[in-house]
Amino acid sequence: MKKYLKQLQKNDLFNNFNFNEMESILNCLSAKVNYYRKKDIIIHQGDPNVHYVGIVLSGGIQIIKEDIEGNINIFSHLGINDIFAETFAYANIYEFPVTVQATKDCEIMCIDCKRIIKTCNHACAFHWKLIENMISIIARKNIMLNQKMAILSKRTIKEKLLAFFNMQIQINHSKKFSIPYNREELAFYLCVDRSSLSRELCNMRDEGLLKFTKNEFELL
């Protein structure tokens, strides 16, 4: 567990913890690390009683949802130090509503959600910081969800793409950025047809609105 301490200090959940505090709090939380291969399912849609918070230590994952007809919607792509499942864990729902899948070989740290928000038998002072940090994380995730809803509410593929690209500019603080999706995944994320998406990207390029090579983009 010690090899992860320096990395986890940069994680939002452990904001304002020093190195010595990190070791103590991870022991208190009984954190454990699981290993997954690319395309492994970490959590299945419909799994009952998922009550842990996951942290990506290496590799990457996707949060996806499949409807009754087999159509896939990609909610988000998460990489190193990103947190997942916290909203659903604290909502205390019986069945997990989405699927979490590894996009690369990855290491995932799992922490029982109750251990984060409830003080231990030693009345560990660290928990108050953890609770504050977790509230902040959930609030920011809510903002991100609202941003995606705003993107999906656009009427045309071009409008959805421009809204998505503007969000990427804000995240990266640059008009040049890379996205974590290939064309099929981007189509799933935007809930549009892949062929129509590719055609619209080419149209926008021909109009002089953007340049792109694979998943590298520049808005002009």
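## A tour from C191 to the salt bridges

Start by selecting C191: at 44% relative accessibility, this residue counts as partly exposed (buried is under 20% relative accessible area, exposed over 50%, partly exposed in between, with a 1.4 Å probe and protein chains only). Before moving on, know that this is a predicted model, where local features need pLDDT of at least 70, side-chain atom pairs count only at pLDDT 80 or more, and totals for chains, interfaces and linings use all residues. Residues are numbered from 1 along each chain as its sequence is written, and side-chain values use heavy atoms, with hydrogens and water left out.

**Zoom out.** Show the whole chain and you'll have eight helices and 11 strands on screen (DSSP runs numbered from the N terminus: helices are H or I with at least four residues, strands are E with at least two). Of the chain's 220 residues, 41% are buried. Along the principal axes, the C-alpha atoms fill a box of roughly 65 × 40 × 30 Å.

**Select the cysteines.** How many disulfides does a search of the whole structure find? Zero, where a disulfide would be a pair of cysteine sulfur atoms within 2.5 Å. Take C110: the nearest cysteine sulfur belongs to C106 and sits 10 Å away. C110 is buried, at 6% relative accessibility.

**Select E107.** You're now in strand β8, residues 106-112. E107 is buried yet has no salt bridge (a side-chain nitrogen of Lys or Arg within 4 Å of a carboxyl oxygen of Asp or Glu). The nearest side chain of opposite charge is K3, 4.1 Å away; Lys and Arg count as positive, Asp and Glu as negative, while His and the chain ends are not counted. So which side chains does E107 make polar contacts with? Show Y4, at 2.8 Å, and S58, at 2.9 Å. A polar contact is a pair of N or O atoms within 3.5 Å; within protein, one must be able to donate a hydrogen and the other to accept it, and residues adjacent in sequence count only if both atoms are side-chain atoms.

**Now the salt bridges.** The count comes to six. Select R140 and D12, whose side chains meet at 2.9 Å, N to O. This pair links distant parts of the chain, 128 residues apart: R140 is in helix α5, and D12 is in the loop between α1 and α2.

Finish with R37 and D105, whose closest N and O atoms are 3.3 Å apart in a salt bridge. R37 is exposed at 58%, while D105 is partly exposed at 42%.
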